[in-house]
Amino acid sequence: MLTLDLTNAPRWHDVAPGVRVQLRPLTTALMVATRSDPAVEAVPEEASDEERAVAFAKALARRAVLAWDGIGDAGGNVIDPSPEAIDALLDVWPIFEAFQLTYVSKGLLLEQEKNASALSPNGPSAGASATAKPAHPTRAASKPARTARRG
């Protein structure tokens with residue numbers, strides 16, 4: 001069952017030990033605006049999927065990040081979110097991965113749900129259950145498999 005959050009309130013997401021970001025809800029309007037972001041549209045056609053993903057994630061984060069805790073400059077001074085600081089934050093690989101998993105993938109999982117796709121049986125969306133019984137390792141098949149007749 002799809003559960004709707006009718007409050008549409010921003011939420012805090014932990015992205016690293018001692019680091020959290022407050023993000024707007026991942027809405028259709030936010031995704032559509034990000035797709036038409038000039039930085040996303042400027043990605044060359046020959047760019048790799050990875051380059052496109054980074055450009056999209058940064059554009060999305062610039063729209064979604066409202067506040068953060070545990071982030072400072074090189075001198076140890078607390079800094080507020082800004083487009084440049086958000087881009088620099090997502091250049092840190094573990095932060096980028098956490099942003100993708102805790103924020104972006106939630107929207108993608110919802111997209112899969114509406115398409116009636118099951119969760120992956122392993123990986124970050126672990127949850128699907130196997131339907132076939134495991135094969136006995138020492139027992140051979142009792143009959144050969146049926147194949148189509150040649151005509």
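**Figure 1. Glu-45 in the loop between helices H2 and H3.** Glu-45 sits in the loop that runs between helix H2 (38–41) and helix H3 (49–64). The model shown here and in the other views is predicted. With a relative accessibility of 75%, Glu-45 counts as exposed, because the cut-off for that class is over 50%. On the surface, Glu-45 belongs to a patch of negative charge, where Glu-46, Asp-49, Glu-50 and Glu-51 also gather.

**Figure 2. Surroundings of Lys-58 in helix H3.** Lys-58 is part of helix H3. Its relative accessibility is 15%, so Lys-58 counts as buried; the limit for this class is under 20%. When neighbours within four places in sequence are left aside, Lys-58 is in contact with Asp-87, Leu-90 and Asp-91.

**Figure 3. Salt bridge between Lys-58 and Asp-91.** The side chains of Lys-58 and Asp-91 form a salt bridge, with an N to O distance of 2.6 Å. This pair links distant parts of the chain, 33 residues apart: Lys-58 is in helix H3, whereas Asp-91 is in the loop between helix H4 (83–90) and helix H5 (93–114). Lys-58 is buried, at a relative accessible area of 15%, while Asp-91 counts as exposed, at 53% relative accessibility.

**Figure 4. Salt bridge between Asp-37 and Arg-62.** Asp-37 and Arg-62 are joined by a salt bridge in which the closest N and O atoms are 3.7 Å apart. Asp-37 lies in the loop between helix H1 (28–35) and H2, and Arg-62 lies in helix H3, so the salt bridge ties together parts that are 25 residues apart in sequence. Asp-37 has a relative accessibility of 8% and therefore counts as buried. Arg-62 is partly exposed, its relative accessible area being 25%.

**Figure 5. Salt bridge between Asp-87 and Arg-62, and the network around it.** Arg-62 also forms a salt bridge with Asp-87, and here the closest N and O atoms are 2.6 Å apart. Asp-87 is in helix H4 and Arg-62 in helix H3, so this pair too ties together parts that are 25 residues apart in sequence. The relative accessible area of Asp-87 is 21%, which means that Asp-87 is partly exposed. Salt bridges link Asp-37, Arg-62, Arg-63 and Asp-87 in a network. A search of the whole structure gives 5 salt bridges; among them are the pair Asp-87 and Arg-62 and the pair Lys-58 and Asp-91.

Terms used
Residues numbered from 1 in each chain as written. Predicted model: local features only at pLDDT ≥ 70, side-chain atom pairs only at ≥ 80, totals over all residues. Heavy atoms only, no water. Patch = residues over 30% accessible without salt bridge, like charges linked within 9 Å, V, L, I, M, F, W, Y side chains within 5 Å. Areas by Shrake-Rupley, 256 points an atom, 1.4 Å probe, with all protein chains shown as cover. Salt bridge = Lys/Arg side-chain N within 4 Å of Asp/Glu carboxyl O. Lys, Arg positive; Asp, Glu negative; His and termini not counted. Charge placed at Lys NZ, Arg CZ, Asp CG, Glu CD. Helix = DSSP H or I, 4+ residues; strand = E, 2+ residues; numbered from the N terminus. Buried < 20%, exposed > 50% of the residue type's maximum accessible area, 1.4 Å probe, protein only. Contact = heavy atoms within 4.5 Å.
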